[in-house]
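Subject: Structure handover

Hello,

Please find the structure below, handed over for your files. My notes on it follow.

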Amino acid sequence: MPSAAKRSPAVGMVGRRNERATLDGLVDEIRSGQSQALLLHGTAGVGKTALLDHLAAHATDCTVLRTSGVQSEAELAFAGLHRLCGPLFAHADRIAAPQREALGVALGLSSGQPPDRFLVGLGVLGLLSEAATDRPLVVLVDDYQWLDTASAEALAFVARRLGSESIGLVIATRRVDVGLAGLPSLHVHGLSDAEARALLDAALPGPVDDRVRARVLAEAQGNPLALLELPRELAAGRLAGGFVVPTSTTGDSSIEAELEAGFARRIEALPEPARQLLAVAAADPTGDPVLVWRAAERLGHTPDDLTPAVAAGLVSFGTSVRFHHPLVRAAAYRSASHTARQEAHRVLAWATDAEADPDRRAWHSAQSVTAPDESVARDLEASAERAHARGGHAAQAAFLERSALLTQDPALRARRAAAAAGAAFQAGSFEKADELATTAEAGGLDEAGTSQVVILRARLAFVSLRGGEAPLLLADAARRLESSDPALARVIYLDALNAAMFAGRLAADGGGVADVAAAAAGAPPPHDPPLAPDLLLGALAANFVDGYENAVPLLTQVLAAFTDGSVADELRWLWLANEAALHLWEEETWDVLSERYLRLARAAGSLSELPLALSTRAYRLTFAGDIDAAASLADEMRAVAVATGAALAPYPDLLIGASRGDLGTASLADDAAREAGERGEGIGIAVAEWARALLFNGLGDYPRAMRAAQDALRHQEYPDLHYPGIANWAVAELIEAAARAGQPDVAEDALDWLARMTRSCRTNWALGIEARSRALLADDEDADALHRDATRLLARSGMRTDLARSHLVHGERLRRQRRRSEAREQLRTAANMFEAMGMDGFAKRAGRELRATGESAHRGSGPGGTGVLTAQESQIARMARDGLSNPAIAARLFLSPRTVQFHLHKVFAKLGITSRTQLEHALSGSS
């Protein structure tokens, strides 16, 4: 029986009650001063854009900004972000200077160094926050899957860092990629059966056989666009005996493929001039009608030639060119012949202003040719340079890849492919980098180019797996460079040593630290006079080849070079410089270098260096006894991980948790060790096991502490080699644990290893640890003097955690000697220090010993607590207490200043204070 339903002039939204309620709730939330991100995801045509339209229509008291991805401009860096932020740049003078400058360079509004991508993201967050000052702001992003990489990364960053700025960010996409994983999301499904019937009835042109109606419903699967478009197929007479003729000839039954095929058939029915102009409009991502008409004139067409396409409801022209749906654009482009597409790009290149938009002109030119064309290839290379200057590494790689394809000269083609591989690596596209490196190798690289690709492959191995093949590959790359570029060879040897120290025992055969150090020791001589990196390479290589005693003078020279403030490009080398300070147990130099490393990483906005800088500084502060400050840096490091989506090893959390006696550290260490093993990162296993040793020594579980310390040293190739940091500390834990566990032979062997190092460097910290370790193994007659030497030396070093432990072990010895009064003095000092620093495990151990002397241990208030404050409120409160401004706190935590201010208001209310000056007292007294 035919249906009597008639097609209404305009079909409104059918159903979607839950989805609309969610979006309305989001608007209510931002009206109240909060911010929220929401991800709408679902297949093409399911109604995501309609939901964005609904939100825009109902957010009448909000400022609404929109942008969308366009498939044909996905390679143009920051294209989507430019459309979104361009109108807002009047607010730029109110955001922090580093963020303003980074955003200006990224959007091509100013010149400068290529900006860090996350500093750009923070600039976008600040710009949106300022725009939301007067009215709530709704930002709608459609077709995210087609945004250029740089814009997509920046918007994903913003989505994760929204707080209290009155911003709603809604992203519509067909698929959820890694950059969006974990965000609040709403899966937009097809309509229910009843809703689908209602929409179809409204769309049908007239009575249709019920069997046809049922077939349309079955094929559409609740997809609104399919329900609206399939009736057009019926109107075109695509019926056979009452049934819809199957539209797919390829066996692909996906709705997206069916819809695009339907649009393609409607386009094929148009006159040739209309089809050609649709292909031109589809090839232009800007939607600029003036540009399209200029191109049309070049082809000899007029606007009237596009009238049939407009009448068919495929496209509209106004202030911008708008396709009925992105699938119409895709169909218009893909259904055109290859020749027609080339012609469309050719006329668009002609119509595009070479001065105002050279990159888009170069891209169109590149698509208009298939044979090698050096002129176009050079233009693409110039575009790649501009993309690099703006921080658009993905765009740089795309331009260079296309440039290489259009290059006839084999050597030049290989060079451009190698450059494209390097850009892809910088963009994080490691598979593409490897593919381009293979292309470059096949083209016949010269010696310098071959070395460049070898280095790239080694770095690919290092970033994908910290250990494994990376040290060997880097060392091989350095060997290749020795004759052609000795200075670069030495730099790569430093990279290889770095990789080998990360890998530890997990390095591939021939890539262990001793192997790499031996190769580095034979590197070409350095500059005359040698630069700081040259000194660093020589000192580290000597440590592993010639022995620690011979390396000490060289290491001392390195630290002098890095502390005089004259080192060029020092940020790159400061992690290794800090490791050199640990080689020498130079606590004061470590303090200076770790503070500088963090300061420079923050100033540069370098999120590649910032995690290591935060970790290094957190370690130094923990040993100095400022565990609260170290915890704040660990919080900041987690903020980096959330903001960037990076999986960072929890090195600071391991040390802080072990120092505090947190039993959860044991399971954290287990997880960290397992993950480090999967990455080939032997140093990670060593850190995890050392943290377990520290934890169990604090808790008095000496057998477990001894086993953990031995495991830590095994992964650092102990006892054959002296490593910075971890081995120093793990040996000290092993000596204490073995002595307490009744294993003096194990402790003596470890002490011999330690003494060879400490007696060569002779710093207060090193000699203090040696004296404490000797005292643990000495008889009663000699122990007293050794304990007093240890406390005297460690007091000079300023390493308060080790000083407190020296008081503890001295008190424990005195108690066993029944010298209770003297024992109480040492144990009370230790207990008070541990409590003040928040080292609860060691504090309890000291308390047990105090009770054994007949005195009840006094438990103080412990470290400054944060009471009812949340973790983020505590973090912000500590930073404000330390004198940081709201913009400075926001920059460190990747938040907007308005969100920081919001949290501080809550902190003040919870703590009952009215100003920052009261934070010191409030935080130390809260519970």
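**The sheet and strand 4**

In strand 4, the bridge partner of L39 is I171. The model is a predicted one, and that pair is a convenient place to start reading it.

L39 belongs to the pairing of strand 1 (residues 36-41) with strand 4, where 6 bridges join the two strands and they run parallel. Strand 3 pairs with strand 4 as well, through 5 bridges and again in parallel. There, V138 stands opposite G168 of strand 4.

Strand 4 is mostly covered, with 7 of its 7 residues buried. On one side these are I167, L169, I171 and T173, and on the other G168, V170 and A172, so both faces of the strand are covered. Side chains in a regular strand alternate between the two faces of the sheet.

The sheet these strands belong to is open and has 5 strands, in the order 2-3-4-1-5, with parallel pairing. Its edges are strand 2 (63-68) and strand 5 (185-187), each of which pairs on one side only. On average, neighbouring strands of the sheet are turned by 15° against each other, direction ignored. In general, strands of a sheet pair through backbone hydrogen bonds.

At the strand 2 edge, 6 bridges join strand 2 to strand 3 (residues 137-142), and the two run parallel. T67 stands opposite V141 of strand 3.

**Helices around the sheet**

Strand 3, helix 6 (residues 149-161) and strand 4 make up a β-α-β unit, and the unit is right-handed. Helix 5 (residues 117-131) lies across strand 2, strand 3 and strand 4 (167-173), and runs at about 135° to strand 3.

**Helix 44**

Does the length of helix 44 agree or disagree with its number of residues? Helix 44 covers residues 897-911, which is 15 residues, and at 1.5 Å a residue it should span 21 Å. The C-alpha atoms at its ends are 21 Å apart, so the two values agree.

The buried residues of helix 44 include T899, V900, H903 and L904, and also V907, F908 and L911. Just after the helix, G912 takes a positive phi of about 70°.

**Q826**

Q826 is found in helix 40 (residues 820-837). Is Q826 buried or exposed? The relative accessible area of Q826 is 9%, and buried means under 20%, so Q826 counts as buried. Leaving aside neighbours within four places in sequence, the residues in contact with Q826 are R788, H807, H810, G811 and L814.

**Cysteines**

How many disulfides does the structure hold? The number is 0. Two cysteines were looked at for burial. C85 has a relative accessible area of 0% and is buried. C761 is buried too, with a relative accessible area of 14%, which is under the 20% cut-off.

**The chain as a whole**

The chain has 927 residues, of which 55% count as buried. Its secondary structure comes to 45 helices and 9 strands. Taking contacts between residues at least 6 apart in sequence, 70% of them join residues at least 24 apart.

Regards

Technical notes: Residues are numbered from 1 along each chain as its sequence is written. This is a predicted model: local features need pLDDT of at least 70, side-chain atom pairs count only at pLDDT 80 or more; totals for chains, interfaces and linings use all residues. Side-chain values use heavy atoms; hydrogens and water are left out. A disulfide is a pair of cysteine sulfur atoms within 2.5 Å. Buried means under 20% relative accessible area, exposed over 50%, partly exposed in between (1.4 Å probe, protein chains only). Helices (H or I, at least four residues) and strands (E, at least two) are DSSP runs, numbered from the N terminus. Contact means heavy atoms within 4.5 Å. Two strands pair if DSSP finds at least two bridges between them. Axes are lines fitted to C-alpha atoms, for helices over the stretch in contact, and angles run from 0 to 180 degrees between N-to-C directions. The expected span of a helix is 1.5 Å times one less than its number of residues. A crossover is right-handed if, with the strands pointing away from the viewer, the path from the first strand over the helix to the second runs clockwise.
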